[in-house]
Structures are given as structure tokens and as C-alpha cells.
Amino acid sequence: MDRITAAEVFIDVTRSGSFTATANRLSMSRPMVTRYVEALEHWFGVRLLHRTTRKVTLTTLGEQCLLDLELWLDAGQLLIANVKPSDVLTGSIKIATSVSFAHTQLMAAISEFMILHPKISIEIDLQDTTSDLVKSRIDLAIRIASNPDASLIGKPIALCRSVIVAHESYLARMPAIKKPEDLCHQHCLGYTNFENQVWHLTRGTTHKSISVNGRLSANEATALLEATLCGTGLSLQPTYMANKMIQQGDLVQVLPEWKPNDMNIYALYSSRKFLAPTVRAFIDFIDEYFKNHTWDI
């Protein structure tokens, strides 16, 4: 039985926690998944997994073998890619990013990349929180952060600026906003991943930290944008989403002379040593793409 496939099946079972889930994910029968895992255990001469009717967990030796197997597979895939007598990139990339950035900016970049590389397939995992890339089998995460996870390798690919926005229907029924302190008396929608309760604003060399109040918060920027368009309150929005709506008159920028904190948009990955050529090519592509496609105009 093919040991590479057996290793791939075993690793998937450790991630899914279920022989049935792995069978569905890999489009094979459950008995075949069992046979591959048993073949791997026979190869090592040890039991790698505890099986119960409710769950599958790693044995102590299974935990030791798991990382080595992942490195072995990564090294093998990299070796094949490096010696393959073809200049055409092939393979797949799993990318994690936020709903808002995928919808407004990233999908256009991905479409161009896939036209250039017709034999590469891409899977998008939409989430607004930092995940364990290895555990989730994610090749690359596109994240907006002030300080990225220190355990990951990060390449800044663009700058994320934010603005304070509101719908005119909200502004018409609320007291005028002339200075940052006026925000204390407004309904400020909270983004749980960025400055939820304190908004930091800068004008020239002057910095102000304003404690804001609001009854609505969310962990995804597009939900807050929709609430803002409904006149629910003020929100901090990334310019990659807000600029077009401000220009079209759908939103009004509030306190335009005061600038919220900037953050970087990073391409994050877990290991430089075994970075697949397809992933490296995509990182280089989006780095160049966002140098030539700016939304801050």
C-alpha cells in the first residue's frame, strides 16, 4: 500500500478527528481510510491512534510521528516541484482571509493569478480570526493586524487605513460631531477585532484616545458596514471597503481630519523552509498586485 497516501490519510484523520469525516473529505470509503491508517501503524510498528466509538485521538507515539510525517510530505512535495521538468506551476493553495477583504479586494487578485497559472486550484477559507495554519491545513493566511502572530512568518503586502463613517439618516437625527470628544455621545458600532471600545485618532502630531459606547458589535467588518448603511450608528471601516461608498454618497466620512490607526495587511505562513513553489508564487504575485492596485485614491 502506498505509504505517501497512507501518511496523507493519517494526517487528515488527526485533523478531522474522524475516520468518516476523512473518508468524505478524501472521497474514499471508510474501510479504505482504516486500511491506510493500519498500514502506517504496521510500517512504524506502533499504534498511532486511539479509536473509540466517539472520537479518534493520537497516542503519545502518534504525536511524535505526526510532525515528522508532515515535514516528510512537505519535503517530498517540494522536491517533486523543484525537479519537475516543467515551468508550469501546478497544485493547490488553501488561503484563509476575512470576508470583507476577500469580497472587495482579494478575489480580483486571485482571478488574475489563476488566469496566469491555469493548473493551480485555490480554496478560500473565510474567517476573521487567526487560526492554527498547520491544524487547519491552511497554506497561507491574509490577515490585517498591527502585530502578526510571532509564530508565523509575515510579509506585508499592503497598508490598511480606516475611516469613521455613518449614513446620512443617522447623522440627521443625532447631535453634530465636530470634535473627537463628541463621539462619546454617539452610537459607535464595535468591531471586536480592532479598537472595540477605544478609538485612537491622530491629527498631525496630536493623538486622542476616545472611549466609545454602542449596543451593537460584531467580529466581521461587512456586518458592521451593513448596520452602518441602515443608519444604526458610526463605525470604523477599512478604506478598501468604505472609499467607494463615500465617493458614491452612500456613506459620509465623519471627522475626516482625524485618522484612525493604520494596520498592515500580511501574507502569513507557517514555515519558510518548506514553502511550496505555488504558495511562493502567489505571495510574490499579490505583493506586486497591491503595489499597482491601490484603493486609497
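**Figure 1. The largest nonpolar core and its neighbour.** The largest nonpolar core contains 36 residues, and those with the most contacts inside it are Ile95, Leu140, Ile142, Phe282, Ile286 and Phe290. Helix H9 (residues 277–292) supplies the largest share of this core, 8 residues. A second, separate core has 23 residues, including Leu189, Val212, Leu234 and Met263. A nonpolar core is here a set of buried Ala, Val, Leu, Ile, Met, Phe, Trp, Tyr and Cys residues joined through side-chain atoms within 4.5 Å; buried denotes under 20% relative accessible area, exposed over 50%, and partly exposed the range in between (1.4 Å probe, protein chains only). Helices (H or I, at least four residues) and strands (E, at least two) are DSSP runs numbered from the N terminus. The model is predicted: local features need pLDDT of at least 70 and side-chain atom pairs count only at pLDDT 80 or more, whereas totals for chains, interfaces and linings use all residues. Residues are numbered from 1 along each chain as its sequence is written, and side-chain values use heavy atoms, with hydrogens and water left out.

**Figure 2. Surroundings of phenylalanine 290.** Not counting residues up to four places away in sequence, phenylalanine 290 touches Phe101, Gln105, Ala109, Ile157, Ala158 and Trp295. A contact requires heavy atoms within 4.5 Å. Over the protein, 74% of the contacts with a separation of 6 or more are between residues 24 or more positions apart.

**Figure 3. The buried face of helix H7.** Helix H7 (residues 221–229) has Ala221, Leu224, Leu225, Ala227 and Thr228 buried. Viewed down the axis of H7, the buried residues fall within an arc of 160°, so they line one face of the helix; the arc is taken over the directions from the helix axis to the C-beta atoms. The cover over these residues includes helix H5 (99–116), strand E7 (162–166), strand E8 (190–191), strand E11 (217–218), strand E12 (235–238) and helix H8 (239–248). Glycine 231, just after H7, adopts a positive phi of about 80°.

**Figure 4. Salt bridges of glutamate 70 and glutamate 41.** The whole structure holds 7 salt bridges, each defined by a side-chain nitrogen of Lys or Arg within 4 Å of a carboxyl oxygen of Asp or Glu. Glutamate 70 pairs with arginine 15, their closest N and O atoms being 1.8 Å apart. Since glutamate 70 belongs to helix H4 and arginine 15 to helix H1 (residues 3–16), the salt bridge ties together parts that are 55 residues apart in sequence. Glutamate 70 is buried, at 12% relative accessible area. A salt bridge also joins arginine 51 and glutamate 41 (2.9 Å, N to O). Arginine 51 is in strand E1 (residues 49–51) and glutamate 41 in helix H3, 10 residues apart. Arginine 51 is partly exposed at 26% relative accessible area, whereas glutamate 41 is buried at 9% relative accessibility.

**Figure 5. The lysine 208 pair and a shared-partner network.** Lysine 208 and glutamate 181 form a salt bridge through their side chains (2.9 Å, N to O). Lysine 208 lies in strand E10 (residues 206–211) and glutamate 181 in the loop between helix H6 (168–173) and E8, so parts 27 residues apart in sequence are tied together. Lysine 208 is partly exposed at 26% relative accessibility, and glutamate 181 is partly exposed at 30%. Elsewhere, Lys155, Asp287 and Lys291 are joined into one network by salt bridges that share partners.

**Figure 6. A nonpolar surface patch.** Ile4, Trp43, Phe44 and Trp72 make up a nonpolar patch on the surface, with about 360 Å² of accessible area together. Patches consist of residues with over 30% relative accessible area and no salt bridge, like charges being joined within 9 Å and nonpolar side chains (Val, Leu, Ile, Met, Phe, Trp, Tyr) within 5 Å. Accessible areas come from the Shrake-Rupley method with a 1.4 Å probe, and for residues only the protein chains shown count as cover. Tryptophan 72, in helix H4 (residues 60–83), is partly exposed at 38% relative accessibility.

**Figure 7. Positive phi at serine 27 and leucine 255.** Most residues other than glycine have a negative phi. Serine 27 has a positive phi near 55° and sits in the loop between helix H2 (19–26) and helix H3 (30–44). Leucine 255, with a positive phi near 50°, occupies the loop between strand E13 (252–254) and strand E14 (259–260). Serine 27 is exposed, with 69% relative accessible area, whereas leucine 255 is buried at 4% relative accessibility.
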